[in-house]
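Here are my notes for anyone opening this structure for the first time. Keep the view at hand and go point by point.

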There are 2 protein chains.
Amino acid sequence: MKIIIADHSGFCYGVKRAIDLAVKNSNELTTYSYGDIIHNKDEINRLKSYNIEPIYSLEKLKDNSKVVIRSHGEPRKTYKYLKEKNINIIDATCPYVKRIHSLVEEYSENGFTIFLIGNKNHPEVTASMGWALGDIYVFASPEEINNFKGKADKILVLAQTTIKASLWSECEKAIKSKYDNVVFINTICSATSLRQNSTRSLAKEVDAMLIIGGKKSSNTKKLYDISLSINPNTFFYENKNEIIVQKFKNYDIIGISAGASTPKWVVDELVEKLLNESEE
Amino acid sequence: MKIIIADHSGFCYGVKRAIDLAVKNSNELTTYSYGDIIHNKDEINRLKSYNIEPIYSLEKLKDNSKVVIRSHGEPRKTYKYLKEKNINIIDATCPYVKRIHSLVEEYSENGFTIFLIGNKNHPEVTASMGWALGDIYVFASPEEINNFKGKADKILVLAQTTIKASLWSECEKAIKSKYDNVVFINTICSATSLRQNSTRSLAKEVDAMLIIGGKKSSNTKKLYDISLSINPNTFFYENKNEIIVQKFKNYDIIGISAGASTPKWVVDELVEKLLNESEE
């Protein structure tokens with residue numbers, strides 16, 4: 001049996017880093033994460049064993065407690081509040097999101113108006129908005145740009161990291177035909193498209209595909225649909241407990257891909273079970 | 001004038017992070033980097049102003065001095081040596097390389113033989129080899145795999161981050177037809193191909209393209225060739241001093257891409273010059 005693990009499978013870099021930082025800084029005292037650090041119940045349970053717990057209101061935090069800022073990031077005012085209250089910050093903002101904060105801050109300081117393409121209710125976007133030193137506007141569609149009445153001398157256009165490439169192109173087109181003196185920096189993170197593309201190409205070259213992730217995870221379900229449309233021997237499992245190795249003995253080459261919220265150890269355990277039991 | 005900056009332009013994430021870490025940890029005492037942190041003379045000069053200097057032999061370091069491990073990483077024995085000598089380590093190993101170290105360590109501890117596809121003289125590869133707890137072999141071509149006489153019960157196959165996708169596929173094929181019980185994890189970093197692809201697609205949609213980087217940088221030259229083959233109005237500049245803004249006044253939309261060793265501030269300065277002088 002040969003097992004090929006898809007590139008860009010599992011956690012994106014930002015989420016992996018946030019969890020690693022939380023674990024590394026954990027001890028016998030509770031480490032709080034401001035909001036959920038990951039949407040996966042097995043992983044949340046594992047983190048509880050490190051005394052890592054989510055909190056949804058900063059007011060509950062006491063002097064000298066410690067809090068993880070998750071990968072989505074936070075506005076400047078959150079840092080200010082935490083510092084004033086003497087709360088220790090473990091900053092796990094995704095570096096790709098942090099880059100947006102720096103661009104927003106730096107360009108708005110230099111007199112640019114910021115246009116951010118994305119969903120203004122998403123925590124990543126509200127965090128990014130909180131770094132502007134001047135005007136910042138969020139647009140969710142090219143129509144919103146066309147209907148906008150505001151004026152600006154110089155504009156910097158950025159994207160929420162998880163929007164689709166097609167939305168960015170449409171908005172870019174609308175802005176180009178309406179404004180002059182514009183700098184476009186596409187800050188979409190490629191993790192999602194890379195994960196889907198690598199699942200697609202792996203499904204073509206293997207005898208069977210295993211997609212690993214929560215049954216309720218929409219991005220894992222999407223990987224399953226992509227794989228199944230190419231390879232009829234595609235199977236969807238939550239973890240090693242669901243897999244019957246006997247079923248795979250007739251497949252020589254098996255591909256594995258995992259959703260964005262599937263921990264690496266869940267995949268490792270499944271690979272080990274496959275290799276060990278297939279030898280018997 | 002509208003300026004579009006290519007996604008994945010400039011420093012890869014690992015190099016950017018290494019420089020940021022070095023600067024963040026710098027003070028009036030010299031911060032050494034073990035080997036060159038970046039191949040760009042403007043950036044090396046800038047780093048000197050933070051007292052950051054390369055060193056090529058660890059023996060020159062004294063007690064309590066501090067050293068940056070650059071993005072390529074180091075073998076386990078380097079960490080051991082530095083700890084024994086009481087030297088402070090600023091670990092700027094690229095997270096994608098660190099992942100290879102963890103996989104090598106973890107799988108070799110579990111009885112796997114490691115096959116690493118890459119160049120055994122490259123510092124990244126010698127560093128990765130230094131994390132194995134059992135057998136590890138490096139192969140630079142499918143022929144080397146075919147000629148190899150070694151045996152192994154279970155094999156983990158990994159890649160140097162910068163090899164071409166085609167080399168990985170050829171080696172994967174050779175290993176598949178020779179060995180059973182193999183796990184393949186493609187650890188190629190996508191930064192180079194993403195940078196080239198985004199330059200290619202940007203060149204299609206703009207009136208003129210500016211490629212920014214050192215004239216001797218082979219990866220910047222490659223970006224120039226890609227862009228020129230698509231857009232005849234492609235120009236190659238080292239920095240803002242070379243550009244005559246007047247020349248670009250008749251272009252409405254200008255694309256910008258930068259090589260892997262081009263600092264962000266070099267691009268920022270050029271963008272500022274373009275926007276400010278084109279308004280006059």
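1. How much area is buried between chain A and chain B, and what share of it do carbon and sulfur atoms give? One thing to keep in mind before the answer: this is a predicted model. The buried area comes to about 3100 Å², with 50% given by carbon and sulfur atoms. Chain A puts 36 residues into the contact, and chain B puts in 36 residues. On the chain A side, have a look at A:Lys2, A:Tyr13 and A:Lys176, which lose the most area to chain B. Together those three account for 17% of what that side buries.

2. Next, look for the sheet that includes strands of both chains. It is an open sheet of eight strands, ordered 7(A)-6(A)-8(A)-9(A)-1(B)-12(B)-10(B)-11(B), and the pairing is parallel. Strand 7 (136-139) of chain A and strand 11 (234-237) of chain B sit at the edges with a single partner strand each, so one side of each has no neighbour in the sheet. On average, neighbouring strands here are turned by 20 degrees against each other, direction ignored.

3. For a detail inside that sheet, zoom in on chain B. Five bridges link strand 10 (residues 208-212) of chain B with strand 12 (residues 253-258) of chain B, in the parallel sense. If you want one pair to click on, B:Ile212 has B:Ala258 in strand 12 of chain B as its bridge partner. Over on the chain A part, helix 4 (residues 95-109) of chain A packs on the sheet. Helix 4 of chain A touches strand 6 (113-117), strand 7, strand 8 (155-159) and strand 9 (182-185) of chain A, and its direction makes about 170 degrees with that of strand 8 of chain A.

4. There is also an open sheet of four strands in chain B, with the order 3-2-4-5 and parallel pairing. Its edge strands are strand 3 (52-55) and strand 5 (88-91) of chain B, each pairing on one side only. Neighbours in this sheet are turned by 35 degrees against each other on average, direction ignored. Strand 2 (residues 31-34) of chain B runs parallel to strand 3 of chain B, and four bridges join them. B:Tyr32 stands opposite B:Glu53 in strand 3 of chain B.

5. Which way do helix 8 and helix 9 of chain A run, roughly parallel or roughly antiparallel? Helix 8 (residues 191-205) of chain A and helix 9 (residues 218-230) of chain A pack at about 30 degrees, with axes 9 Å apart. That is under 35 degrees, so helix 8 and helix 9 of chain A count as roughly parallel. Their crossing is right-handed. Four nonpolar, four polar and four charged residues make up this contact. Among the residues that meet are A:Arg195 and A:Ala203 from helix 8 of chain A, and A:Leu223 and A:Ile226 from helix 9 of chain A.

6. Last, a helix pair with one member in each chain. Helix 10 (residues 264-279) of chain A and helix 4 (residues 95-109) of chain B have axes that come within 14 Å and cross at roughly 35 degrees. This crossing is right-handed. A:Lys264, A:Asp268 and A:Val271 of helix 10 of chain A make the contact with B:Leu103, B:Glu106 and B:Tyr107 of helix 4 of chain B. By class, that gives three nonpolar, no polar and three charged residues.

Technical notes
Residues numbered from 1 in each chain as written. Chains lettered and ligands numbered in written order. Predicted model: local features only at pLDDT ≥ 70, side-chain atom pairs only at ≥ 80, totals over all residues. Heavy atoms only, no water. Pairing = 2+ DSSP bridges. Helix = DSSP H or I, 4+ residues; strand = E, 2+ residues; numbered from the N terminus. Axes fitted to C-alpha atoms, helices over the stretch in contact; angles between N-to-C directions. Parallel < 35°, antiparallel > 145°, perpendicular 65-115°, else oblique. Left-handed = near helix turned anticlockwise from the far one by under 90°. Contact = heavy atoms within 4.5 Å. Nonpolar A, V, L, I, M, F, W, Y, C, P; charged D, E, K, R; others polar. Buried area = accessible area lost by both parts, 1.4 Å probe.
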